[in-house]
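Colleague: I would like to learn how to read a model like this one. Could we go through it together, one question at a time?

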Amino acid sequence: DYVPVITEEVRQGDPDLFLVAGTPRLKEMAARMAARLDTGLCSGCLSLKIDAVDKSVSMERLVYGGAAVQTVTCSTRPQMATIPPRTYGIAVAPGKREGQIRELAAPSAGKMKIIDRKPRTRQSVDITEARILVCVGRGLENQQDMQMVQELAEVMGAEIACTRPIAEEMHWLPEETYIGISGKQVKPDLYIGLGVSGQIQHVSGIRDARVICAINRDENAPIFEVSDLGLVGDIYTVLPEMIKQFKQALKK
Ligand SMILES: Cc1cc2nc3c(=O)[nH]c(=O)nc-3n(C[C@H](O)[C@H](O)[C@H](O)COP(=O)(O)OP(=O)(O)OC[C@H]3O[C@@H](n4cnc5c(N)ncnc54)[C@H](O)[C@@H]3O)c2cc1C
(Lines give C-alpha, C1' and ligand atoms only; values in the text may rest on other atoms or scores of the structure.)
Protein backbone atom coordinates (compact mmCIF):
# COMPACT_ATOMS: atom_id res chain seq x y z
CA ASP A 1 0.00 0.00 0.00
CA TYR A 2 1.81 3.12 -1.25
CA VAL A 3 -0.61 5.67 0.22
CA PRO A 4 1.23 6.23 3.56
CA VAL A 5 4.64 6.40 1.82
CA ILE A 6 3.56 8.99 -0.74
CA THR A 7 1.53 10.94 1.81
CA GLU A 8 4.56 11.22 4.09
CA GLU A 9 6.71 12.41 1.18
CA VAL A 10 4.16 15.10 0.33
CA ARG A 11 4.04 16.19 3.99
CA GLN A 12 7.83 16.56 4.00
CA GLY A 13 7.97 18.37 0.63
CA ASP A 14 5.02 20.64 1.53
CA PRO A 15 4.19 21.57 -2.10
CA ASP A 16 1.56 24.13 -3.13
CA LEU A 17 0.24 21.74 -5.77
CA PHE A 18 0.16 17.93 -5.89
CA LEU A 19 -1.02 16.41 -9.18
CA VAL A 20 -1.88 12.73 -9.59
CA ALA A 21 -2.52 10.85 -12.86
CA GLY A 22 -6.22 10.01 -13.17
CA THR A 23 -5.80 6.28 -13.78
CA PRO A 24 -8.26 3.93 -12.05
CA ARG A 25 -5.74 2.93 -9.36
CA LEU A 26 -4.33 6.40 -8.73
CA LYS A 27 -7.78 8.04 -8.60
CA GLU A 28 -8.62 5.81 -5.68
CA MET A 29 -5.22 6.45 -4.03
CA ALA A 30 -5.54 10.23 -4.55
CA ALA A 31 -8.80 10.32 -2.58
CA ARG A 32 -7.18 8.47 0.32
CA MET A 33 -4.08 10.69 0.23
CA ALA A 34 -6.22 13.85 0.22
CA ALA A 35 -8.07 12.57 3.28
CA ARG A 36 -4.79 11.87 5.10
CA LEU A 37 -3.42 15.30 4.14
CA ASP A 38 -6.72 16.88 5.17
CA THR A 39 -6.90 18.83 1.92
CA GLY A 40 -9.20 19.26 -1.07
CA LEU A 41 -9.06 17.20 -4.27
CA CYS A 42 -10.36 18.17 -7.71
CA SER A 43 -11.02 14.83 -9.40
CA GLY A 44 -11.02 14.62 -13.21
CA CYS A 45 -9.38 18.04 -13.59
CA LEU A 46 -9.40 19.00 -17.29
CA SER A 47 -7.61 22.33 -17.12
CA LEU A 48 -5.85 24.39 -14.51
CA LYS A 49 -4.57 27.94 -14.17
CA ILE A 50 -1.90 28.83 -11.62
CA ASP A 51 -1.75 32.31 -10.11
CA ALA A 52 1.91 33.33 -10.40
CA VAL A 53 1.82 35.35 -7.18
CA ASP A 54 0.05 33.28 -4.53
CA LYS A 55 0.30 29.92 -6.40
CA SER A 56 -3.42 29.34 -6.02
CA VAL A 57 -4.88 27.12 -8.73
CA SER A 58 -8.24 27.38 -10.42
CA MET A 59 -9.27 23.98 -11.77
CA GLU A 60 -12.00 22.92 -14.19
CA ARG A 61 -13.92 19.63 -14.21
CA LEU A 62 -17.09 18.29 -15.81
CA VAL A 63 -20.30 17.89 -13.81
CA TYR A 64 -23.87 16.70 -14.51
CA GLY A 65 -22.73 14.02 -16.95
CA GLY A 66 -20.64 16.48 -18.92
CA ALA A 67 -23.45 19.02 -19.35
CA ALA A 68 -21.63 21.72 -17.36
CA VAL A 69 -18.10 22.77 -16.42
CA GLN A 70 -17.34 23.50 -12.78
CA THR A 71 -14.45 25.73 -11.70
CA VAL A 72 -13.03 24.88 -8.29
CA THR A 73 -10.31 26.28 -6.05
CA CYS A 74 -8.80 24.70 -2.98
CA SER A 75 -8.40 26.77 0.20
CA THR A 76 -6.05 24.26 1.87
CA ARG A 77 -2.54 23.08 0.92
CA PRO A 78 -1.43 21.13 -0.98
CA GLN A 79 -4.00 21.77 -3.68
CA MET A 80 -4.68 18.37 -5.22
CA ALA A 81 -6.09 17.21 -8.55
CA THR A 82 -6.28 14.03 -10.60
CA ILE A 83 -5.59 14.60 -14.31
CA PRO A 84 -7.16 12.05 -16.72
CA PRO A 85 -4.80 10.40 -19.24
CA ARG A 86 -4.21 12.37 -22.47
CA THR A 87 -5.59 15.61 -21.00
CA TYR A 88 -2.37 17.31 -22.05
CA GLY A 89 -0.02 16.57 -24.94
CA ILE A 90 3.59 15.62 -24.27
CA ALA A 91 5.39 18.80 -23.19
CA VAL A 92 8.72 19.88 -24.64
CA ALA A 93 11.45 19.83 -22.00
CA PRO A 94 12.22 23.46 -21.09
CA GLY A 95 15.90 24.32 -21.68
CA LYS A 96 18.37 22.76 -19.31
CA ARG A 97 15.93 22.32 -16.44
CA GLU A 98 16.12 18.85 -15.05
CA GLY A 99 13.73 17.06 -12.78
CA GLN A 100 14.90 15.12 -9.82
CA ILE A 101 13.79 11.51 -9.52
CA ARG A 102 13.97 9.97 -6.09
CA GLU A 103 13.10 6.45 -5.14
CA LEU A 104 10.90 6.17 -2.10
CA ALA A 105 11.22 3.41 0.43
CA ALA A 106 8.96 0.46 -0.22
CA PRO A 107 5.83 0.37 1.89
CA SER A 108 6.24 -1.54 5.12
CA ALA A 109 5.12 -5.14 4.92
CA GLY A 110 1.48 -5.54 5.82
CA LYS A 111 -0.39 -8.63 6.86
CA MET A 112 -0.89 -9.58 3.22
CA LYS A 113 1.84 -11.41 1.35
CA ILE A 114 2.22 -11.13 -2.44
CA ILE A 115 2.65 -14.63 -3.83
CA ASP A 116 2.72 -13.87 -7.53
CA ARG A 117 2.32 -10.97 -10.00
CA LYS A 118 0.92 -11.41 -13.51
CA PRO A 119 0.03 -8.80 -16.14
CA ARG A 120 -3.72 -8.60 -16.63
CA THR A 121 -4.76 -10.22 -19.90
CA ARG A 122 -6.74 -7.59 -21.72
CA GLN A 123 -9.67 -8.67 -23.84
CA SER A 124 -9.22 -5.60 -25.99
CA VAL A 125 -6.97 -2.65 -26.81
CA ASP A 126 -6.91 0.51 -24.72
CA ILE A 127 -9.41 2.77 -26.50
CA THR A 128 -8.19 5.84 -24.61
CA GLU A 129 -4.97 5.66 -26.64
CA ALA A 130 -6.62 5.19 -30.06
CA ARG A 131 -6.18 7.79 -32.80
CA ILE A 132 -9.26 6.65 -34.74
CA LEU A 133 -12.31 5.11 -33.08
CA VAL A 134 -15.28 3.46 -34.74
CA CYS A 135 -18.06 3.39 -32.14
CA VAL A 136 -20.91 0.90 -32.38
CA GLY A 137 -24.36 1.81 -31.06
CA ARG A 138 -27.68 0.04 -30.86
CA GLY A 139 -28.29 0.88 -34.51
CA LEU A 140 -26.42 -2.35 -35.21
CA GLU A 141 -29.04 -5.08 -35.31
CA ASN A 142 -27.09 -8.32 -34.90
CA GLN A 143 -23.80 -9.39 -33.44
CA GLN A 144 -22.84 -10.91 -36.81
CA ASP A 145 -22.92 -7.39 -38.26
CA MET A 146 -19.84 -6.61 -36.15
CA GLN A 147 -17.93 -8.20 -39.01
CA MET A 148 -18.82 -5.23 -41.21
CA VAL A 149 -17.64 -2.85 -38.46
CA GLN A 150 -14.41 -4.81 -38.06
CA GLU A 151 -13.79 -4.53 -41.79
CA LEU A 152 -14.24 -0.75 -41.68
CA ALA A 153 -11.98 -0.47 -38.62
CA GLU A 154 -9.32 -2.56 -40.31
CA VAL A 155 -9.30 -0.58 -43.51
CA MET A 156 -9.12 2.72 -41.58
CA GLY A 157 -6.60 1.54 -38.97
CA ALA A 158 -9.18 2.23 -36.26
CA GLU A 159 -10.03 0.61 -32.93
CA ILE A 160 -13.59 -0.42 -32.09
CA ALA A 161 -15.49 1.12 -29.18
CA CYS A 162 -19.19 1.08 -28.28
CA THR A 163 -22.03 2.57 -26.25
CA ARG A 164 -22.90 1.13 -22.85
CA PRO A 165 -25.84 -1.06 -23.95
CA ILE A 166 -23.63 -2.81 -26.52
CA ALA A 167 -21.18 -3.83 -23.77
CA GLU A 168 -23.41 -4.20 -20.72
CA GLU A 169 -26.68 -5.46 -22.17
CA MET A 170 -25.78 -7.17 -25.44
CA HIS A 171 -22.26 -8.23 -24.34
CA TRP A 172 -21.03 -7.91 -27.93
CA LEU A 173 -17.88 -6.08 -26.86
CA PRO A 174 -15.84 -6.03 -23.62
CA GLU A 175 -16.86 -3.55 -20.92
CA GLU A 176 -13.57 -1.66 -21.15
CA THR A 177 -14.53 -0.58 -24.68
CA TYR A 178 -17.60 1.46 -23.89
CA ILE A 179 -17.38 5.25 -23.91
CA GLY A 180 -19.09 7.71 -21.61
CA ILE A 181 -19.65 9.01 -18.14
CA SER A 182 -19.54 5.55 -16.60
CA GLY A 183 -17.18 4.19 -19.26
CA LYS A 184 -14.01 5.57 -20.84
CA GLN A 185 -13.25 9.20 -21.72
CA VAL A 186 -11.58 9.20 -25.13
CA LYS A 187 -9.64 11.75 -27.16
CA PRO A 188 -9.16 10.33 -30.65
CA ASP A 189 -8.35 12.46 -33.68
CA LEU A 190 -11.44 10.94 -35.31
CA TYR A 191 -14.55 9.36 -33.76
CA ILE A 192 -17.13 7.73 -36.02
CA GLY A 193 -20.45 6.87 -34.37
CA LEU A 194 -22.44 4.14 -36.14
CA GLY A 195 -26.08 4.03 -35.04
CA VAL A 196 -25.30 5.94 -31.84
CA SER A 197 -28.12 8.21 -30.60
CA GLY A 198 -25.79 10.57 -28.69
CA GLN A 199 -27.28 10.64 -25.18
CA ILE A 200 -25.45 12.97 -22.79
CA GLN A 201 -24.00 10.05 -20.79
CA HIS A 202 -22.24 8.84 -23.96
CA VAL A 203 -21.35 12.19 -25.48
CA SER A 204 -19.58 13.37 -22.32
CA GLY A 205 -16.96 10.73 -23.10
CA ILE A 206 -16.17 12.08 -26.59
CA ARG A 207 -16.15 15.77 -25.71
CA ASP A 208 -12.43 16.04 -26.47
CA ALA A 209 -12.40 14.07 -29.73
CA ARG A 210 -10.85 16.25 -32.44
CA VAL A 211 -13.39 15.36 -35.16
CA ILE A 212 -16.75 13.73 -34.44
CA CYS A 213 -18.51 12.04 -37.32
CA ALA A 214 -21.92 10.37 -36.95
CA ILE A 215 -24.03 8.12 -39.12
CA ASN A 216 -27.63 7.76 -37.99
CA ARG A 217 -30.87 7.26 -39.88
CA ASP A 218 -32.75 9.66 -37.59
CA GLU A 219 -32.00 13.24 -38.61
CA ASN A 220 -33.10 14.42 -35.15
CA ALA A 221 -30.65 12.18 -33.28
CA PRO A 222 -28.84 14.27 -30.61
CA ILE A 223 -25.45 13.01 -31.80
CA PHE A 224 -25.74 15.41 -34.76
CA GLU A 225 -25.73 18.37 -32.37
CA VAL A 226 -22.16 17.58 -31.33
CA SER A 227 -20.91 16.26 -34.69
CA ASP A 228 -18.48 17.96 -37.04
CA LEU A 229 -19.67 15.69 -39.85
CA GLY A 230 -23.10 14.10 -39.90
CA LEU A 231 -24.57 11.62 -42.34
CA VAL A 232 -28.30 10.85 -42.20
CA GLY A 233 -28.55 7.33 -43.51
CA ASP A 234 -28.86 3.64 -42.79
CA ILE A 235 -25.59 2.14 -41.60
CA TYR A 236 -26.39 -1.00 -43.59
CA THR A 237 -26.23 1.06 -46.79
CA VAL A 238 -23.54 3.55 -45.78
CA LEU A 239 -21.01 1.16 -44.22
CA PRO A 240 -20.43 -1.14 -47.22
CA GLU A 241 -20.00 1.95 -49.41
CA MET A 242 -17.55 3.51 -46.91
CA ILE A 243 -15.50 0.30 -46.83
CA LYS A 244 -15.43 0.22 -50.64
CA GLN A 245 -14.42 3.89 -50.92
CA PHE A 246 -11.73 3.63 -48.22
CA LYS A 247 -10.32 0.50 -49.84
CA GLN A 248 -10.11 2.27 -53.18
CA ALA A 249 -8.64 5.46 -51.74
CA LEU A 250 -6.10 3.61 -49.59
CA LYS A 251 -5.60 0.81 -52.15
CA LYS A 252 -6.05 -1.94 -49.56
C1 LIG B 1 -26.55 6.66 -14.96
C2 LIG B 1 -26.38 6.32 -16.41
C3 LIG B 1 -25.10 6.23 -16.91
C4 LIG B 1 -24.91 5.92 -18.25
N5 LIG B 1 -23.64 5.86 -18.74
C6 LIG B 1 -23.45 5.62 -20.04
C7 LIG B 1 -22.14 5.62 -20.60
O8 LIG B 1 -21.13 5.81 -19.92
N9 LIG B 1 -22.01 5.37 -21.91
C10 LIG B 1 -23.09 5.15 -22.75
O11 LIG B 1 -22.88 4.94 -23.95
N12 LIG B 1 -24.33 5.14 -22.24
C13 LIG B 1 -24.54 5.36 -20.92
N14 LIG B 1 -25.80 5.36 -20.44
C15 LIG B 1 -26.90 4.98 -21.35
C16 LIG B 1 -27.33 6.15 -22.22
O17 LIG B 1 -28.28 6.93 -21.53
C18 LIG B 1 -27.97 5.65 -23.53
O19 LIG B 1 -29.04 4.80 -23.23
C20 LIG B 1 -27.00 4.93 -24.45
O21 LIG B 1 -25.83 5.69 -24.64
C22 LIG B 1 -27.69 4.70 -25.79
O23 LIG B 1 -26.90 3.87 -26.57
P24 LIG B 1 -27.09 3.82 -28.14
O25 LIG B 1 -26.88 5.17 -28.73
O26 LIG B 1 -26.27 2.69 -28.64
O27 LIG B 1 -28.61 3.33 -28.32
P28 LIG B 1 -29.93 4.10 -28.68
O29 LIG B 1 -30.13 5.28 -27.81
O30 LIG B 1 -31.00 3.08 -28.71
O31 LIG B 1 -29.69 4.66 -30.15
C32 LIG B 1 -29.60 3.88 -31.30
C33 LIG B 1 -29.51 4.84 -32.47
O34 LIG B 1 -29.30 4.10 -33.65
C35 LIG B 1 -30.05 4.69 -34.69
N36 LIG B 1 -30.28 3.62 -35.68
C37 LIG B 1 -31.05 2.51 -35.54
N38 LIG B 1 -30.93 1.74 -36.64
C39 LIG B 1 -30.09 2.38 -37.49
C40 LIG B 1 -29.58 2.09 -38.79
N41 LIG B 1 -29.89 0.95 -39.43
N42 LIG B 1 -28.75 2.97 -39.37
C43 LIG B 1 -28.41 4.14 -38.74
N44 LIG B 1 -28.85 4.46 -37.50
C45 LIG B 1 -29.68 3.59 -36.88
C46 LIG B 1 -31.31 5.20 -34.04
O47 LIG B 1 -31.86 6.25 -34.81
C48 LIG B 1 -30.79 5.66 -32.68
O49 LIG B 1 -30.46 7.04 -32.70
C50 LIG B 1 -26.02 5.67 -19.11
C51 LIG B 1 -27.31 5.77 -18.58
C52 LIG B 1 -27.49 6.09 -17.26
C53 LIG B 1 -28.88 6.19 -16.72
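Colleague: By about how many helical turns are glutamate 168 and arginine 164 separated in helix α4?

Modeller: First, a caution: this is a predicted model, where local features need pLDDT of at least 70, side-chain atom pairs count only at pLDDT 80 or more, and totals for chains, interfaces and linings use all residues. Residues are numbered from 1 along each chain as its sequence is written, and side-chain values use heavy atoms, with hydrogens and water left out. Helix α4 covers residues 164-169 (helices are DSSP runs of H or I, at least four residues, and strands are runs of E, at least two, numbered from the N terminus). Glutamate 168 and arginine 164 are 4 residues apart there, so the separation is about one helical turn.

Colleague: What N to O distance does the salt bridge of glutamate 168 and arginine 164 have?

Modeller: A salt bridge is a side-chain nitrogen of Lys or Arg within 4 Å of a carboxyl oxygen of Asp or Glu. Glutamate 168 and arginine 164 meet this rule through their side chains, and the N to O distance is 3.5 Å.

Colleague: Which residue forms a salt bridge with arginine 11?

Modeller: Arginine 11 lies in helix α1, and its partner is in that helix too, 3 residues apart, about one turn. Arginine 11 has a relative accessible area of 45%, so it is partly exposed (buried is under 20%, exposed over 50%, partly exposed in between, with a 1.4 Å probe and protein chains only). The closest N and O atoms are 3.3 Å apart, and the partner is glutamate 8.

Colleague: How many residues apart in sequence are the parts that glutamate 151 and lysine 247 tie together?

Modeller: The side chains of glutamate 151 and lysine 247 meet in a salt bridge at 2.8 Å, N to O. Glutamate 151 lies in helix α3 (residues 146-156) and lysine 247 in helix α6 (residues 235-250), so the tied parts are 96 residues apart in sequence.

Colleague: Is lysine 247 buried or partly exposed?

Modeller: Its salt-bridge partner, glutamate 151, has a relative accessible area of 35%. For lysine 247 the value is 32%, so lysine 247 counts as partly exposed.

Colleague: How many salt bridges does the structure hold?

Modeller: Some are joined up: Arg131, Asp189 and Arg210 are linked in a network. For the structure, the count is 11.

Colleague: Which elements do the buried residues of α1 pack against?

Modeller: Helix α1 covers residues 3-13, and its buried residues are Val3, Val5, Thr7 and Val10. Contact here means heavy atoms within 4.5 Å. The packing partners are β1 (17-21) and α2 (24-37).

Colleague: How far apart do the C-alpha centres of domain 1 and domain 2 lie?

Modeller: Domain 1 is 3-83 and domain 2 is 127-250, with bounds from an automatic or database domain assignment. Across their interface, 6 residues of domain 1 are in contact with 4 residues of domain 2. The C-alpha centres lie 33 Å apart.

Colleague: How much area do domain 1 and domain 2 bury between them?

Modeller: Buried area is the accessible area (1.4 Å probe) that two parts lose on being put together, summed over both. Carbon and sulfur atoms carry 66% of it here, and the total is about 420 Å².

Colleague: Which residues of domain 1 lose the most area to domain 2?

Modeller: Three residues together make up 73% of what the domain 1 side buries. They are Leu46, Leu62 and Gly65.

Colleague: How many salt bridges does the rule find across the interface of domain 1 and domain 2?

Modeller: Apply the same salt-bridge rule to pairs that cross between domain 1 and domain 2. The count is 0.
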